[in-house]
Protein chains: 2
Amino acid sequence: MNMTKLPENQWLTEIHPGQGSAFSLQITDKLLEEQTPYQKLAVYHSTHFGNVLTLDGLMQVTTLDNFLYHEMMSHPALFVHEHPQRVVIIGGGDCGTLKEVLKHKSVKHATQVEIDERVTQVSLQYFPELATSNHDPRAELKFDDGIKWMDEADDNSVDVIIIDSSDPIGPGEGLFNAKFYRSCHRVLRDGGILVQQSESPLLHQPLIKSICDAMDEAGFSVVQPICFPQPCYPSGWWSCTLARKGKDLKHFREHDVEKRDFDTRYYTADIHRGAFALPPFLAEFLRT
Amino acid sequence: MNMTKLPENQWLTEIHPGQGSAFSLQITDKLLEEQTPYQKLAVYHSTHFGNVLTLDGLMQVTTLDNFLYHEMMSHPALFVHEHPQRVVIIGGGDCGTLKEVLKHKSVKHATQVEIDERVTQVSLQYFPELATSNHDPRAELKFDDGIKWMDEADDNSVDVIIIDSSDPIGPGEGLFNAKFYRSCHRVLRDGGILVQQSESPLLHQPLIKSICDAMDEAGFSVVQPICFPQPCYPSGWWSCTLARKGKDLKHFREHDVEKRDFDTRYYTADIHRGAFALPPFLAEFLRT
């Protein structure tokens, strides 16, 4: 067949074999490649997307488009919560979610629990713009197993838990099930919110459903996927799923969003409402 | 460098050289390839996205995800308009936009003006689900140059014009400028709405700005890009830009959306509001 072939050695390609698609970025340099105790870590420089960090060959962060993901993993939950003071991020080694979380003045303490310290060290070097809040006195960077950390955490001690993990294969696998969500539920205060990155609304509907079911099973009162663009992830369309302990997710502090004293590049009150609008095809799948 | 290479001859790859990215679909068969008088037309069968139609090597339609684009090219404009009766589609040879338009009972006549009859003939064969309204007595399929058709159309005769074109290179090029938009403005009735597919909010901001500027120049009262996911197009995040003659785009018939007597898989009133929420990074670029 007469196909367009990508020129060799100038493209970084991520194949999504289960979904029959692939995404490629044109690159100029491989900046780093190493095997950490947990995964294969690499950083490339691309022609148009800036730097690109991959774990086990899968794109995690690019300079160009990470703001979409990091803003949507943090602000929707933090503006639904009436007064988020204590936030825990599981994973999130690039520190981009931590940076967004610490934009909220109500937050008194934010702990990032990343299993692989090399991810953070390498991100500091290649994505320094994401690490500008790492020395905030409210920030705590721990390098530990998130499951163990959660098991040992006090009951009713956290307002928002953000599971900013890689895919449900490899080191992230144990974060996608009712056992872990039950542990999160115990650690959350009443009204607390759990956020889990939950892959593509178009390509990973069974996974989204299994996450929703596991959160239900773990005792959360309401569960809601929200959708947003994320070009460097499979299909370019992504989701995270929010679950709340003892309250609903319907309302958010709209007035506080409007008068916030920090910049966002994607998130606004209108974007918040739009992200919570579940497309009928996905709502229907989740009902089955 | 140690890159993952795509296995040869099993992938259809679309390179976006100006944006340093590429998207690939795993395919099982090439179903058709021909040179029409206007462009190179091909159809493939893919493992996960169903059939895929390409024009000059660029993906136009896949079975899996075309509903996103077709619904967003039609319903937002048709529900903003108070009583759309006469609709014209420029391009749209796959008939998917026509099908969505004709779901609206208020529409008395919808004309599709596609320059390349082969696109429609081939779509009938490989995307028959998009052509189910082609024999609606309100449908008119013309195979003609959209610019010429618009030049010859009566003043104040159309309520909604949808420019469902390929990229602003090749046959679609003349559809992206103030001269053509001025012609559309003349043909639209007062309160009429123009819709132009306007590429990726992340990758094609200068193009979106040039479309907005050209629509302003053509005399439209308000201009507004709206965003939606479209995985098979560059970045997986797409837009169309709406412009209105003599009225604004702020309100839409929300009640009619809620009580509509037809199915949509993506479009809802909440999705409508979300799509009109311009992300700050894009709003800022358009202000420059």
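**Exercise 1.** Which strands and which helix of chain A make a right-handed β-α-β unit?

*Solution.* The model is predicted.
Step 1. The elements of the unit are strand 7, helix 3 and strand 8 of chain A, with helix 3 covering residues 117–126.
Step 2. Strand 7 of chain A spans residues 109–114, and five bridges tie strand 7 to strand 8 in a parallel arrangement.
Step 3. One pair can be picked out: Gln112(A) has Leu141(A) in strand 8 as its bridge partner.

**Exercise 2.** Give the strand order of the open sheet in chain A, and find why strands 8 and 11 each have one side without a neighbour.

*Solution.*
Step 1. The sheet has seven strands in the order 8-7-6-9-10-12-11, and the pairing is mixed.
Step 2. Strand 8 (139–143) and strand 11 (222–229) of chain A are the edge strands; each has a single partner strand, so one side of each has no neighbour in the sheet.
Step 3. From one strand to the next, the twist averages 15°.
Step 4. The parallel part of the mixed pairing includes strands 7 and 8 of chain A. An antiparallel pair is formed by strand 10 (residues 188–197) and strand 12 (residues 237–244) of chain A, joined by five bridges.
Step 5. Opposite Gln197(A) stands Cys240(A), in strand 12 of chain A.

**Exercise 3.** Determine the symmetry relation between chain A and chain B, starting from their superposition.

*Solution.*
Step 1. In general, two copies of a chain are related by a rotation about an axis and a shift along it.
Step 2. Here a turn of 180° with a shift of 0.0 Å along the axis lays chain A on chain B, at an RMSD of 0.0 Å.
Step 3. This is therefore the relation of a two-fold axis.
Step 4. Gly274(A) has the C-alpha nearest the axis in chain A, at 1.8 Å from it.
Step 5. Both copies use the same surface, since 98% of the contact residues of chain A recur in chain B.

**Exercise 4.** Is His81(B) buried or exposed, and what does His81(B) touch?

*Solution.*
Step 1. His81(B) sits in the loop between helix 1 (66–80) and strand 6 (86–91) of chain B.
Step 2. The relative accessible area of His81(B) is 7%, so the residue is buried; the cut-off for buried is under 20%.
Step 3. Leaving aside residues up to four places away in sequence, His81(B) touches residues including Asp159(B), Val160(B), Arg244(B) and Arg253(B).
Step 4. A polar atom of the His81(B) side chain lies 3.0 Å from the backbone nitrogen of His83(B).

**Exercise 5.** Describe the surroundings of two further loop residues, Leu130(B) and Gly92(A).

*Solution.*
Step 1. Leu130(B) belongs to the loop between helix 3 (117–126) and strand 8 (139–143) of chain B. With a relative accessible area of 6%, Leu130(B) is buried.
Step 2. Beyond residues up to four places away in sequence, Leu130(B) touches, among others, Val61(B), Asn66(B), His70(B) and Lys99(B). Thr63(B) is 67 residues from Leu130(B) along the chain, and their C-alpha atoms are separated by 9.3 Å.
Step 3. Gly92(A) lies in the loop between strand 6 (86–91) and helix 2 (96–101) of chain A. Its relative accessibility of 5% makes Gly92(A) buried.
Step 4. With residues up to four places away in sequence not counted, Gly92(A) touches Gln112(A), Glu114(A) and Asp164(A). Of these, Gln112(A) also appeared in Exercise 1, as the bridge partner of Leu141(A).
Step 5. The C-alpha atoms of Gly92(A) and Phe180(A) are 17 Å apart, with their positions 88 residues apart along the chain.

Key. Residues are numbered from 1 along each chain as its sequence is written. Chains are lettered from A and ligands numbered from 1 in the order in which they are written. This is a predicted model: local features need pLDDT of at least 70, side-chain atom pairs count only at pLDDT 80 or more; totals for chains, interfaces and linings use all residues. Side-chain values use heavy atoms; hydrogens and water are left out. Two strands pair if DSSP finds at least two bridges between them. Helices (H or I, at least four residues) and strands (E, at least two) are DSSP runs, numbered from the N terminus. Axes are lines fitted to C-alpha atoms, for helices over the stretch in contact, and angles run from 0 to 180 degrees between N-to-C directions. A crossover is right-handed if, with the strands pointing away from the viewer, the path from the first strand over the helix to the second runs clockwise. Copies are superposed by least squares on the C-alpha atoms of residues with pLDDT of at least 70 in both. Contact means heavy atoms within 4.5 Å. Buried means under 20% relative accessible area, exposed over 50%, partly exposed in between (1.4 Å probe, protein chains only). A polar contact is a pair of N or O atoms within 3.5 Å; within protein, one must be able to donate a hydrogen and the other to accept it, and residues adjacent in sequence count only if both atoms are side-chain atoms.
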